[in-house]
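User: I would like to learn how to read a protein structure step by step, beginning with charged side chains and going on to strands and buried residues. Could you take me through it slowly?

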Amino acid sequence: MTFMIGSHGLSAPVVLAPMAGVTNAPFRELCRRFAPGLVYVNEMAMATPVVHKNPKTDRMISFGPDEQPRSQQLYGSDPEIMGKAVHILCDAGRVDHIDINFGCPAAKVTRQGGGAAVPAKPELLRAIVRAAVQNASPYGVPVTTKFRMGLFDDWLVHTRTGEICAEEGAAAIALHARTVEQHYSGEARWEAIAELKQAVGSIPVLGNGDIWEAQDAVRMMDQTGCDGVVIGRGCLGRPWLFGDLIEVLQGREAPASRTLGEVCEVMAVHAGLLAAHMGEDHAMRDFRKHSGWYMSGYPVGSEVRRRFSMCASLGELDDIMATLDPAATIVDGGERIKRGHTNGPIKVAIPQGWLDGEQRAALDTDTSVPDDAAVMALSGG
């Protein structure tokens, strides 16, 4: 099953969603070992520090020597800054694909009218996408976008957002089928993905939300008609999900759930990659959250989980795993235990007056730029 983003042919229509503190180079390398030839998106970076050459941001925008395509998500609400950031990355030959984030639900972002609030101002959205595409096109770098359904159930803008992105030259669009208010709670509303696909037929439409097992991707594509899927929380503690997805999308059966011994083998590889990337001390602190996700659904007991949550070295990790039964299997329904963010619904923070009917109508032509100065490392939503 082939799929194209720009000139990049993929082995399956599957994309890894960028997640702050997760989709770094070691995690992407681990996922590629199970399924090469997909789009594995780096952590979201702010456009402003890219322009100002912030060293921390510059280090974060790093890729493995064999990583193709080199995919980077950018966040920004200023068309001029976004255009400059895209030009800098493309001109330096550092990226093969740019994804623009319009789904960030963080209150300190939406309160200023940024992040997931940007699509409420369609002409500002248009200007940002246009700036990105115009600066990427001379280098042959495709630009895609990711967004949510809208702020609230009575303010849904996903079809209009998709249409604008397509009109401005986006190579593909992805919808996280939840509102900002819903955050990560409840179920993703796949019917919104179907609506988006029906409204935008000129470019690929990808669906995101509640793909926990490989067969979920098949169901989403069958039910919505979408062209592919974006995987976020479903791969936390399950990097082999990408390999499973290739199997089912090519008409084969998904592999059985991994035994605890197989999970531990992957954990050891993951921790080793992190240690090589960032040093053992930092890596093991970072790996603690991953160990909780890996153990999700497995009958290991609270004491083992506590020890993993305090693990400080690769040797200690090996010692803990040596106490486990390698033949143990996941509990019934264990694959569908939600991992990562689960909070919501939330009270949505938006600029004062936006809910006033007259001011809300005026947003349709408002191109004023929100203040992103306080925004740092955030999840892309």
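User: Where do R219 and D216 lie, and how many residues apart are they?

Analyst: In this predicted model, R219 and D216 both belong to helix 9, which covers residues 214-224, and they are three residues apart, about one turn of the helix. Their side chains meet in a salt bridge, with a distance of 3.1 Å from N to O.

User: Is each of these two residues buried, exposed or partly exposed, and why?

Analyst: The label follows from the relative accessible area, where buried means under 20% and exposed means over 50%, with partly exposed in between. R219 counts as partly exposed because its relative accessibility is 34%, whereas D216 counts as buried because its relative accessible area is 3%.

User: Which salt bridge is found in helix 12?

Analyst: K289 and D286 both lie in helix 12, residues 280-295, and they too are three residues apart, about one turn of the helix; their side chains meet in a salt bridge of 2.7 Å, N to O. K289, at 31% relative accessibility, is partly exposed, while D286, at 13%, is buried.

User: Which salt bridge links distant parts of the chain?

Analyst: The side chains of R32 and E67 meet in a salt bridge at 3.5 Å, N to O. This pair links distant parts of the chain, since R32 sits in helix 1 (residues 25-34) and E67 in the loop between helix 3 (55-60) and strand 6, with their positions 35 residues apart in sequence. R32 and E67 are both buried.

User: How many salt bridges are counted, and which residues are linked in a network?

Analyst: The count comes to 26 salt bridges. When reading such a total, it helps to look for charged residues that are joined into a group, and here E123, R126, R130, E167 and E168 are linked in a network of salt bridges.

User: What should I look at when a charged residue is buried yet has no salt bridge, as with R339?

Analyst: A useful habit is to look at the backbone as well as at the side chains. R339 is found in the loop between helix 14 (314-322) and helix 15 (357-362), and the nearest side chain of opposite charge, that of E335, is 5.1 Å away, whereas a salt bridge needs the charged atoms within 4 Å. The side chain of R339 does reach the backbone oxygen of L236 at 2.6 Å, and one of its polar atoms lies 2.7 Å from the backbone oxygen of G234. Beyond its neighbours within four places in sequence, the contacts of R339 include W212, R233, C235 and W293.

User: What is the order of the strands in the open sheet, and which are its edge strands?

Analyst: To read a sheet, one follows the strands from one edge to the other. The open sheet here has nine strands in the order 4-3-13-12-11-8-7-6-5, with parallel pairing. Its edge strands are strand 4 (39-40) and strand 5 (45-46), each of which pairs on one side only.

User: Which strands are joined to strand 13, and is it covered or open on its faces?

Analyst: Strand 13, residues 228-231, runs parallel to strand 3, residues 14-16, and three bridges join them; within this pairing V14 stands opposite V229, and L16 has I231 as its bridge partner. Strand 12, residues 205-208, is likewise joined to strand 13 by three bridges and runs parallel to it, with N208 standing opposite V230. Both faces of strand 13 are covered, as G228 and V230 on one side and V229 and I231 on the other are all buried.

User: Which helix lies across strand 8 and strand 11?

Analyst: Helix 7, residues 158-167, lies across strand 8 (143-148) and strand 11 (172-176), and it runs at about 170 degrees to strand 8.

User: Why does L74 count as buried, and which residues is it in contact with?

Analyst: L74, which is found in strand 6 (residues 71-75), counts as buried because its relative accessible area is 0%. Leaving aside its neighbours within four places in sequence, L74 is in contact with several residues, among them M44, V50, L89 and I100.

User: Is L273 buried or exposed?

Analyst: L273, in helix 11 (residues 260-278), counts as buried at 16% relative accessibility. Apart from neighbours within four places in sequence, L273 is in contact with P26, E29, L30 and R33.

Definitions and conventions
Residues are numbered from 1 along each chain as its sequence is written. This is a predicted model: local features need pLDDT of at least 70, side-chain atom pairs count only at pLDDT 80 or more; totals for chains, interfaces and linings use all residues. Side-chain values use heavy atoms; hydrogens and water are left out. Helices (H or I, at least four residues) and strands (E, at least two) are DSSP runs, numbered from the N terminus. Buried means under 20% relative accessible area, exposed over 50%, partly exposed in between (1.4 Å probe, protein chains only). Lys and Arg count as positive and Asp and Glu as negative; His and the chain ends are not counted. A polar contact is a pair of N or O atoms within 3.5 Å; within protein, one must be able to donate a hydrogen and the other to accept it, and residues adjacent in sequence count only if both atoms are side-chain atoms. Contact means heavy atoms within 4.5 Å. Two strands pair if DSSP finds at least two bridges between them. Axes are lines fitted to C-alpha atoms, for helices over the stretch in contact, and angles run from 0 to 180 degrees between N-to-C directions.
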